[in-house]
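Here's a quick tour of one fold, written for the bench. Have a look at the structure first, then read on.

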Amino acid sequence: SMFLVLPPRCCLIGCFVDNKKQSPLLNTIFNLLESKTNKYLSGKHVIQLLRDNGFQVMDMTELDGLTYFCAQSQRMAAN
């Protein structure tokens, strides 16, 4: 739904914890403890979610345990 609200060709910036870069035990504990507040995702899953919702990932960078992304809306301006 953000795709429809944001202006055409705008950038969306966000971050997530990449569960592929944590130990399986630690990932399981985080998912149990924080299941209502945080969802742990992989970089591939985030890229696919963004693509499915009309965004193209421009950059993805890991810093201090968080993966930051910049994605651009592929929606064109209405004439």
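What follows covers the sheet, the helix that lies across it, and one residue in some detail.

Keep in mind that this is a predicted model. At its heart for this briefing is an open sheet of 3 strands, with helix α3 lying across β1, β2 and β3. Phe16, which sits in strand β1, is the residue we'll zoom in on.

**The sheet**
- The strand order is β1-β3-β2, and the pairing is antiparallel.
- That puts β1 and β2 (55–63) at the edges, where each pairs on one side only.
- Going from one strand to the next, the twist averages 20°.
- Strands β2 and β3 (residues 66–73) are joined in the antiparallel sense over 8 bridges.
- If you want a spot to check by eye, look at Phe55, whose bridge partner in β3 is Ser73.

**The helix**
- Helix α3 spans residues 43–52.
- Relative to β2, helix α3 runs at about 155°.

**Phe16**
- You'll find Phe16 in β1, the strand covering residues 11–16.
- Is Phe16 buried or exposed? Phe16 counts as buried because its relative accessible area is 7%, and the cut-off for buried is under 20%.
- Leaving aside neighbours within four places in sequence, Phe16 is in contact with Leu41, Ser42, Gly43, Val46, Met60, Leu66, Thr67 and Phe69.
- Take Thr67 from that list: Phe16 and Thr67 are 51 residues apart in sequence, yet their C-alpha atoms are 5.4 Å apart in space.

Note on methods. Residues numbered from 1 in each chain as written. Predicted model: local features only at pLDDT ≥ 70, side-chain atom pairs only at ≥ 80, totals over all residues. Heavy atoms only, no water. Helix = DSSP H or I, 4+ residues; strand = E, 2+ residues; numbered from the N terminus. Buried < 20%, exposed > 50% of the residue type's maximum accessible area, 1.4 Å probe, protein only. Contact = heavy atoms within 4.5 Å. Pairing = 2+ DSSP bridges. Axes fitted to C-alpha atoms, helices over the stretch in contact; angles between N-to-C directions.
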